[in-house]
Amino acid sequence: MARSPHLLFFSVFLLALFSANSEPFIGVNYGQVADNLPPPSATAKLLQSTSIEKVRLYGADPAIIKALANTGIGIVIGASNGDIPALANDPNFAKQWIDTNVIPYYPASNIILITVGNEVMSSGDQGLVSQLVPAMQNVQNSLNAASLGGKIKVSTVHSMAVLKQSDPPSTGSFDPAFAGTMKDLLGFLESNGSPFTINPYPFFAYQSDPRPETLAFCLFQPNSGRVDSGTNIKYTNMFDAQVDAIYSALNSMGHKGVEIVIAETGWPYKGDSNEVGPSIENAKAYNGNLIAHLRSMVGTPLMPGKSVDTYLFALYDENLKPGPGSERAFGLYKPDLTTTYDVGLSKSSQSPSKTPSTPNPSTPANPSPKAKPSGWCVPKGGISDTQLQANLDYACSQSIDCKPIQPGGACFEPNTLASHAAYAMNLLYQTAGRNPWNCDFSQSATLTSTNPSYNGCSYPGGST
C-alpha cells in the first residue's frame, strides 16, 4: 500500500520534535584490535558530540564501560565464542560473568544487550553451535536472577551466511543445516523480546558482482532497481533488500515479530590494490546515504515506517586486524578523533530546526554545510536518457508526490523524460532538506537560481 508523504513528514516531524538530535537507531562498533586507540574517556566525549546513541563492544572492557557511565549511550557487550562452552554447561559461570561484567556498572552504564558469541552458526564448529542456545539461556537466567531480565536483552550475532536464500528478498530463508538450532534460537528470542542481530555488508555483495549498476545499487545511488518477482516490489538499494530477506526468513519460521538489529554494516575507505570497491568516495557514499536513509524513517518495503537499529562498522580503524587491507580501513574516526570522512554525525553539523533528511542515495557529498543553499535542483545539460530515467525512477520511489507528472497532472506536459526527471529531482531535493548532497544524483544534477516553473506547473523551491 502506498504511504502518504504527508503522514511520513508528520511522523518525521514528531521524531524531530521529541528527540531533537536524538537518533536511537544509529549505533557504532567499537573494536579494539589496535595499538593506537585513544583512551576510553576521550572516546566517550567524542561519542557525546555525535548523534550516535549506541555502541557495540566485542567484549566487556571495564574501562570503556566505565567511561560511558552517565552518558546515556546504550552499550552492547559481548561474551566471546570461547566463553560459550562454560556458559552453556555451568550456570555458576554465567552468574559470575554477569556479576563481573554487568552488576558493577549498571544502570549508570546503560548496558542494553549482551551478545553471546559472534557469527557462531556459520563458524563450522558444530560443538559451539549446539551449545549456543543453552549458553544464552544461562545468561538470561542469571539476568533474571539479578532482576535485570527484560532490562538487558540477550542475543547472538550472525553473518548473512545463515541465509540459504536471499534473492529476491521475498524468498529469504535460513540454511536448513541450522534448522534445529535456529528454531530453538528464534523461540528464545521471541520469548524474551530479544532481537535477531545480523551483519549485512553490501560491500561484499559488490565484490562478488563488481558491475557499475551493482555499485549504484549498493551505495543507495540512482539505479534502475531490482524487482522482486514474488512481490513485484522494486528495490532501489541492497541494504533494504538484505534486511527484507532477513525479515522473510524470520517470517518463514513463524517469527516475523522478532526485531531485526543490524549489528554491523559498513564500507572500507581503502584496501589492497587487488580489492574491488574500497575508496573514500564509496565509503562516504555508503555510510552517508545509509544514515540519511535511516533518518528518513521510510523503512524497508516489507517493514515500512521505521528504521532498524543499525551499528555502523566501525568507530576506528583496527590496525592489528589480519586479512586484506580493507579489514584495517573501516574507521569513521582517526585515533586523533578527527573524521576520516564526514557523514554528518556531528551534532554541531546538524540543524535541530530541520527534520531528519529523507534519503537521497545520490550523493557522496559533504553532509555538514554551514548554510542550506537556495534555488532549484535540475539535471545538468547533456545527461543521457538512461541517467535521467534512473533519476526519475529513484526520486519517485522515495515517497514524494509524482502525480503532477503523470497524465492529467499539472506538470505532465511537455511529456518528455527531461521535463519529468527535472520535476521529480527538484521535488526530492526540496523535501530531503535542500543540502548540497541532495542535489547530486551521481553528479548529474546542479542547482539553479532560475525558477523552472512554467504555465500551471509550479516547482517548489526558492529561498530556504
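**Figure 1. The 3 disulfides of the predicted model.** The structure, a predicted model, holds 3 disulfides. A disulfide is a covalent bond between the sulfur atoms of two cysteines. When the bonded cysteines of the protein are numbered in sequence order, they pair as 1-5, 2-3 and 4-6. The three links are shown individually in the views that follow.

**Figure 2. Close-up of the disulfide between Cys377 and Cys439.** The sulfur atoms of Cys377 and Cys439 are joined at an S to S distance of 2.1 Å. The torsion about this S-S bond is about 90°, so the disulfide is right-handed. Distant parts of the chain are linked by the pair, whose members stand 62 residues apart. Cys377 belongs to strand β15 (residues 376-379), whereas Cys439 sits in the loop between α13 (417-431) and β16 (445-448). Cys377 and Cys439 are both buried.

**Figure 3. Close-up of the disulfide between Cys396 and Cys402.** Here the sulfur atoms of Cys396 and Cys402 lie 2.0 Å apart. The S-S torsion is about -100°, so the disulfide of Cys396 and Cys402 is left-handed. Cys396 has a relative accessible area of 30% and is therefore partly exposed, its value falling between the limits of 20% and 50%. Cys402, with a relative accessible area of 7%, is buried.

**Figure 4. Close-up of the disulfide between Cys411 and Cys457.** An S to S distance of 1.9 Å is found for the link of Cys411 to Cys457. This link is right-handed, with 100° about the S-S bond. The two cysteines connect distant parts of the chain, 46 residues apart. Cys411 lies in the loop between α12 (385-396) and α13, and Cys457 in the segment after β16. Both Cys411 and Cys457 are buried.

**Figure 5. The nonpolar cores.** In soluble globular proteins, nonpolar side chains tend to be buried together. The largest nonpolar core of the model comprises 99 residues, of which Ile77, Ile114, Val116 and Phe196 touch the most other members. Helix α10 (residues 238-252) supplies the largest share of this core, 9 residues. Another core, of 23 residues, lies apart from it; among its members are Cys377, Tyr394, Tyr429 and Phe441. Cys377 thus appears both in this core and in the disulfide with Cys439. In a separate detail, Cys218 has a relative accessible area of 0% and is therefore buried.

**Figure 6. Helix α5 and its surroundings.** Ala94, Trp97, Ile98 and Asn101 are buried in helix α5 (residues 91-101). These residues span an arc of only 95° around the axis, and so they are on the same side of α5. The elements covering the buried residues of α5 include the helices α3 (62-67), α4 (84-89) and α6 (126-145), together with the strands β3 (74-79) and β4 (111-118). At the N-terminal end of α5, Asp90 acts as a cap, one of its side-chain oxygens lying 3.0 Å from the backbone nitrogen of Asn92.

**Figure 7. Confidence along the predicted chain.** The protein has a mean pLDDT of 88, with 89% of its residues reaching 70 or more. Over residues 1-21, pLDDT stays under 50, and the model has 25 contacts beyond four places in sequence for this stretch. Residues 350-370 also have pLDDT under 50 throughout, with 85 contacts beyond four places in sequence.

Terms used:
Residues numbered from 1 in each chain as written. Predicted model: local features only at pLDDT ≥ 70, side-chain atom pairs only at ≥ 80, totals over all residues. Heavy atoms only, no water. Buried < 20%, exposed > 50% of the residue type's maximum accessible area, 1.4 Å probe, protein only. Helix = DSSP H or I, 4+ residues; strand = E, 2+ residues; numbered from the N terminus. Arc of directions from axis to C-beta. Contact = heavy atoms within 4.5 Å. Polar contact = N/O pair within 3.5 Å; in protein donor to acceptor, adjacent residues only side chain to side chain. Core = buried A, V, L, I, M, F, W, Y, C linked by side-chain atoms within 4.5 Å. Disulfide = S-S within 2.5 Å. pLDDT = per-residue confidence, 0-100.
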